[in-house]
Amino acid sequence: MYESCILNKGRKVTHVDIVILLTVLVGSLGLAVIFGRYIARMIVYEKRPLEKTLGRVENGFYKIIGVDRYEQMTWKQYFLALMITNIIAAGFLMTVLLYQNSLPLSPKPGLSLDLAFNTAASFVTNTNLQHYAGDQQLSIFSQMAGLIFMMFVATASGIAAAFAFIRGFIRKEFGLGNFYVDFTRIIITLLLPISFFSALLLLFLGSPQTLDSTITVGTLQGGSQTITIGPVAALESIKELGSNGGGFFGANSAHPFENPTGISNVFEIILMLVIPLSFPIAYAHLLGRGRGISILVTMLIGFGVMLALGLSEPSGPAGLETRFGSFGSTLFLESSVATNTGAANAALTGMSPNAVIGFFLGMFVQAIPGADGTGMMMMIVFVVLTLFLVGLMVGKTPEFMSMKINPKDVKLAAFVFLIHPALILIPSVLAYTTENAQAILGEQTTPATFTQVLYEYSSASANNGSDYLGTAANTSFWNWSTAWVMILGRYAPIGLMLAIAGSFTLRDRKEVVEPIKTSGFLFVGVLSVMVFVLTALTFFPFLAMGPFSM
Amino acid sequence: MRTLKSKVFSPAIRIVILMIVTTGIAYPLLVTTIGQTIMPYQSNGSQVVLNGKVVGSELIAQNFNSPKFFQPRNSTDSGSGVDPDITPASAISQIPTISNATGIPANALKTLVDLDIARNRETNALVLAPDYVNVLNINVELAKQYPEVYAQEVSVQGGT
Amino acid sequence: MTTKTKQSIFDKRMFEDSVTKLNPLYLAKKSPVMFTVEAGFFLVLAIGLLPNMSLEFVNENRAFYIESAIILIVTVWFATFSESLSESQARAKVDSLKNLEKEVLAKKLVEGKEVSVVSSSLIVGDRVRVYAGEIIPRDGIVHEGKAFVDESMMTGESNPVFKEKDNPVLGGTKVANDSIVIEITSEAGKSFLDEMVGLIESAKRPKTKNEIALTILLSGLSIIFITVIGTMLFFGYYLGYHMDISVLIALLVALLPTTIGGLLPAIGVAGINRLARDNIVVKSGKGIEAAGDCDVLILDKTGTITEGARRAIAFVPMEKFTEQDIAEAAYASSFSDHTHEGTSIIELANEKKIEPSFMMEIMTGKPVEFSSETRFSGIEFSPKKKLPMQEQTSKSLPRTRVSSKIEELEESNIPVKILKGSIDAILQIATKVNEPELRWKAQEISKNGGTPLAVAVNDVIIGLISLKDTLKKDIRTKLDEVHVSGITTVMITGDNQLTAQVIAKEANIDQIMAEAKPTDKLNRVVEEQQKGHVVGMIGDGTNDAPALAKADVGLAMNRGTAAAREAANMVDLDSDPSKILRVVKLGKQLLMTRGAITTFSIANDIAKYFAILPAMFMKDDPKMEILNVMQLHSPESAVLSTLIFNAVVIPILIPLSLKGVKYKPELPDKTFIKNMMVYGLGGVIFPFAGIKAIDFLLSVFMR
């Protein structure tokens with residue numbers, strides 16, 4: 001142990017690390033350029049590659065669903081459709097989890113009500129906080145029809161919300177789109193094809209894919225070993241692509257079946273980053289090249305700060321996987337937390353305090369680059385708020401996209417920023433005052449255990465899903481409290497942000513030059529500082545009391 | 001109320017059912033079918049075979065209680081608890097012990113370690129992972145090359 | 001002695017006001033931030049006074065609590081003081097205006113007789129006679145008579161203003177000589193003066209949209225900080241820190257945007273005040289704010305950009321005639337034209353030493369008045385009036401072609417008409433001309449920025465007069481500034497395209513609307529607004545009223561018609577159209593001041609964290625020493641110096657909020673970077689220095 005610490009301290013960034021970083025950057029940005037363009041076309045219903053075929057398939061779906069593809073929704077209708085679809089899907093998942101003992105494919109005992117509720121809330125909100133160990137507690141049917149299905153639903157809902165949100169700034173009085181149409185198109189023509197090919201690649205790299213739940217093998221020394229297995233590859237791809245992060249195994253992406261090699265590690269990082277980074281590119285296509293790129297750069301600066309924090313102190317080797325090493329683990333985790341995926345290829349306890357501060361930064365900001373769809377929405381709210389202050393500073397009534405920012409927008413945006421700290425801090429206090437934190441972390445509260453509590457609710461509120469507590473938090477209090485934090489942390493901001501879009505779409509647009517360009521170095525600088533200062537002012541004391549004192 | 005029901009609930013229910021079938025059932029089944037057909041080795045957990053018998057998964061650590069084998073990491077030391085690999089440094093530090101217990105010369109063991117490292121490099125396109133040694137693979141290699149030394153430990157000898 | 005007449009800044013009422021405003025109920029409604037600070041004051045005071053409230057969250061140092069409490073309430077008082085101060089300034093203006101509005105006896109005309117009545121009993125339509133030295137009882141228009149009126153009390157203009165029939169006069173101004181009959185045009189309590197008083201009195205000042213938005217943002221921040229501090233208490237407790245409630249309250253108060261929260265009302269009042277000082281009466285706060293956003297200004301050429309008094313600068317004869325001819329004809333046509341233009345034509349002729357040979361005819365001729373239908377003016381004389389004497393004289397003089405022409409006509413007993421007017425108007429009556437030549441020469445005049453007038457003797461066009469307007473003093477500089485701020489200027493003029501272009505170029509105007517009709521103004525305003533521009537315009541005529549009403553910023557001239565004043569959202573008492581530029585500047589300054597102080601306030605928080613967090617944690621956790629970058633003397637001094645800094649920043653910034661952030665016309669990017677450096681970066685650094693300095697002083701005293 002001592003020896004390895006010495007080894008680590010002396011460790012420098014190797015050429016392997018640099019190649020990994022470059023591969024991830026080039027891979028994710030390169031794919032983001034392609035998918036960004038594609039997503040832009042999806043948002044404005046432009047012709048996509050294979051439009052005829054895709055259109056035919058989609059029309060089949062619309063017919064079965066019973067929607068008119070041309071019907072447009074107001075922000076309220078859109079939000080209502082999203083909510084109801086999510087509630088029904090969550091109800092289905094909860095039922096599956098409660099009664100998996102009587103369902104096919106290697107049935108296991110049904111989960112307790114609180115754990116089932118927590119898990120359903122966790123997956124429908126794109127959080128994937130796991131208070132259960134999937135490999136031990138879930139049947140293959142639950143993993144497949146329950147979780148894989150829900151991963152598509154949650155991701156598509158977040159992306160759809162972002163579609164509607166962005167349309168609010170492009171369209172005038174035309175509605176924000178049709179939720180069912182967006183939802184169908186996102187799953188059928190974006191998520192499913194990418195997941196399918198990614199699953200095959202992961203399969204090729206070593207992820208198993210079978211309907212068996214275990215295999216029993218003899219060991220080299222003649223003993224017997226039971227290995228949990230299942231449709232891992234199919235789950236893994238949408239898990240990473242969709243900012244989900246919920247592992248097939250309790251060990252998540254640290255488990256060799258979920259993430260078998262260095263290549264799969266790099267590929268999974270790219271999968272996590274690709275859609276969040278595609279959104280600013282789509283934005284560039286729709287609302288101005290410079291603007292989109294500036295947002296992309298701001299996101300990358302934020303992500304860079306997280307990464308720099310992660311690399312500033314060596315992590316591991318305890319809690320890390322040998323095949324990833326310190327760099328592969330740090331890069332994976334920072335990417336995972338930055339995109340609010342929450343997948344982990346190492347135990348969080350193995351990460352250095354600075355790396356953990358980086359994780360917190362990602363979860364507090366939620367937009368560097370944030371989860372699929374919602375990260376972009378959050379960043380735009382930051383942009384609106386930044387422009388508000390910028391406008392005042394130059395003596396102009398603040399405007400966004402040549403539309404005036406009025407008190408109502410500021411009110412809604414302020415709520416978005418208020419919800420997050422409230423959802424993190426107040427439940428954390430409750431966890432202590434009700435002794436539920438002490439119950440699972442010990443009577444003596446230390447900076448390390450406080451960090452774990454703070455992390456749990458930060459992760460829940462940011463719909464991130466990475467956590468320290470894991471199955472230890474499978475108690476009634478933690479299940480219910482985190483479930484509600486996840487639900488409020490997901491739907492309240494989405495609702496508020498759609499309301500902002502809904503009010504912008506009714507607003508007059510100008511054809512005039514904006515007082516301060518929303519692109520270029522100056523804007524990137526101001527936006528970055530704004531994001532950092534707002535976040536730091538809110539959360540600085542807690543970082544000081546937690547990871548900083550660890 | 002009727003319009004709300006027909007306009008909101010009905011499409012929501014239908015879309016959920018449709019997606020359960022598409023994404024929850026059809027999609028994983030299709031990947032399974034393809035996997036089992038063209039990549040059965042990976043699909044079933046990358047099982048390592050020695051003398052015609054499965055001796056474990058190359059991706060999952062297993063216990064070795066004999067000092068003649070390379071030892072995996074303590075299960076709680078890794079992120080997964082089943083880390084199948086060890087660092088080159090750890091492998092090299094184990095060489096004297098194994099050499100003592102088996103009588104296999106240290107440089108022969110070192111060669112095996114280097115070979116395994118090279119093989120893993122290839123697996124990772126040479127540059128996408130740090131160097132590491134897969135414990136099961138190197139131990140299987142030991143058992144293959146020195147069957148007489150491991151006769152007692154490896155009961156699968158001869159393949160009953 | 002002067003202190004008595006001059007409104008003292010520190011009057012008693014202001015102090016009383018600022019103390020009254022400490023009422024928590026008032027603060028809860030007006031300033032949630034300050035209300036929170038005051039709540040903190042009561043809590044800390046209670047801890048200081050009531051012994052042994054809690055052993056867990058309170059320490060033994062009573063004096064510390066009392067000191068903290070005092071600083072907190074002083075912080076609140078500084079905020080209410082700043083508001084009272086700006087209100088008191090407003091009041092000074094109001095009081096001086098109110099003095100004018102005192103009830104006076106008016107001489108109402110009833111069936112031709114003067115009846116003395118109190119001014120408040122007058123109704124619209126009443127006529128009153130006002131003699132020299134008397135105060136005009138209410139707003140109205142001159143019905144009869146001419147007089148000089150002293151308006152200095154309203155406009156600051158020291159020279160009495162000449163008023164004749166149909167000119168508007170203001171209630172409260174004084175007739176300097178003679179007497180005039182005035183028809184009252186406004187109801188009691190609704191005169192211009194009342195409006196002005198009402199607006200300046202801050203109680204009625206409605207918050208503008210931006211102010212509301214900012215208030216919401218600040219409330220949001222406050223709630224976040226309350227959540228942060230509230231939960232810190234628990235976490236600190238469970239982590240084994242000795243959490244002191246007063247230190248937490250100190251941190252909360254320090255983090256709250258007290259600076260901007262405290263100064264926000266003052267900034268708003270100051271905006272209206274400063275306009276009032278410039279003699280501009282604002283009818284709604286919205287107008288000022290819109291002024292800052294103005295990106296299109298529609299300006300009348302005449303009166304705003306140019307002096308509005310065109311002068312003749314050249315006589316241009318047609319090919320068949322000489323300069324002498326056209327000068328004579330022009331002279332004749334302008335003889336009875338007493339307008340500025342007419343006089344300038346005579347003057348030009350005199351300058352050229354040209355006098356018509358037919359002076360007698362001219363002097364006895366009948367003037368042809370300008371009318372909007374004919375659009376020409378001049379003189380007409382019939383040959384009958386010919387006198388032998390005159391004939392002789394004229395014969396002795398060298399004959400010009402015009403003279404001979406006139407003689408010819410007279411001899412043929414045809415009445416002579418010498419007329420001048422716009423090219424088109426003259427062409428309607430005079431056809432004997434080479435039209436292409438006329439047009440070409442007119443164009444040449446226009447190209448040089450002049451306005452051509454054609455002069456005809458009966459049906460023959462003799463030539464052209466070139467009239468030219470001169471740019472107003474300083475207008476070029478002012479417009480250059482406007483330009484740099486990114487504002488597009490549009491000049492509206494009845495002149496033709498070419499003339500307009502020349503003036504526009506000289507004055508640095510972006511766009512022109514030449515040959516414009518009065519209705520074009522409204523159309524242009526609507527058009528620009530549809531494109532998303534915020535339009536500012538000035539106007540004085542009744543036909544400007546719709547456009548003034550439609551424009552985002554409508555500045556009416558006080559000398560203009562009542563309809564225009566009613567439609568506009570601000571009125572300039574000095575009737576100086578170029579003041580719209582000042583309004584725009586002020587609007588920008590108002591927003592910038594809010595933005596700058598907000599940024600400053602938020603940026604300050606960084607240093608405050610670094611002052612108070614180590615004070616809070618260092619005793620129990622030495623690792624927190626790293627945060628103590630300022631190396632403050634002791635935890636107590638750290639807290640007190642932060643609170644003191646927080647409090648004194650408010651009075652330090654009062655002058656800035658009353659005067660406004662310095663505004664220089666330049667690219668917004670540049671303004672932004674500069675303000676960000678001063679108030680953003682400065683806001684980060686300044687408190688580090690300030691807190692450290694106060695801490696140093698405290699450590700000296702505490703020893």
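Buried area is the accessible area (1.4 Å probe) that two parts lose on being put together, summed over both. The structure is a predicted model in which local features need pLDDT of at least 70 and side-chain atom pairs count only at pLDDT 80 or more, while totals for chains, interfaces and linings use all residues. Residues are numbered from 1 along each chain as its sequence is written, chains are lettered from A and ligands numbered from 1 in the order in which they are written, and side-chain values use heavy atoms, with hydrogens and water left out.

**Exercise 1.** Describe the interface of chain C and chain A.

*Solution.* Begin with the area: about 4800 Å² is buried between chain C and chain A, and carbon and sulfur atoms give 77% of it. Next, list the participants: 57 residues of chain C and 53 residues of chain A are in contact (heavy atoms within 4.5 Å). Phe235(C), Tyr238(C) and Phe672(C) supply 16% of the area that chain C buries against chain A, more than any other three residues. Then turn to polar features. The interface has 0 salt bridges (a side-chain nitrogen of Lys or Arg within 4 Å of a carboxyl oxygen of Asp or Glu).

**Exercise 2.** Describe the interface of chain A and chain B.

*Solution.* Here the buried area is about 5800 Å², with 72% from carbon and sulfur atoms. Leu220(A), Gln221(A) and Thr322(A) supply 15% of the area that chain A buries against chain B, more than any other three residues. The contact joins 72 residues of chain A to 73 residues of chain B. Now look for charged pairs: the interface holds 1 salt bridge. In a salt bridge, the side chains of Arg323(A) and Asp83(B) meet at 3.8 Å, N to O. The largest share of the side of chain A that touches chain B, 12 residues, comes from helix α8 (residues 179-205) of chain A (helices are DSSP runs of H or I, at least four residues, numbered from the N terminus).

**Exercise 3.** Which residues touch the most other members of the largest nonpolar core?

*Solution.* A nonpolar core is a set of buried (under 20% relative accessible area, 1.4 Å probe, protein chains only) Ala, Val, Leu, Ile, Met, Phe, Trp, Tyr and Cys residues joined through side-chain atoms within 4.5 Å. The largest has 340 residues, and those touching the most other members are Leu190(A), Leu191(A), Phe382(A), Phe400(A), Phe542(A), Met232(C) and Met616(C). Take Phe382(A) as an example: not counting residues up to four places away in sequence, Phe382(A) touches Val365(A), Ala367(A), Phe417(A), Leu527(A), Val531(A) and Leu534(A).

How values were computed:
Buried means under 20% relative accessible area, exposed over 50%, partly exposed in between (1.4 Å probe, protein chains only). Contact means heavy atoms within 4.5 Å. Helices (H or I, at least four residues) and strands (E, at least two) are DSSP runs, numbered from the N terminus.
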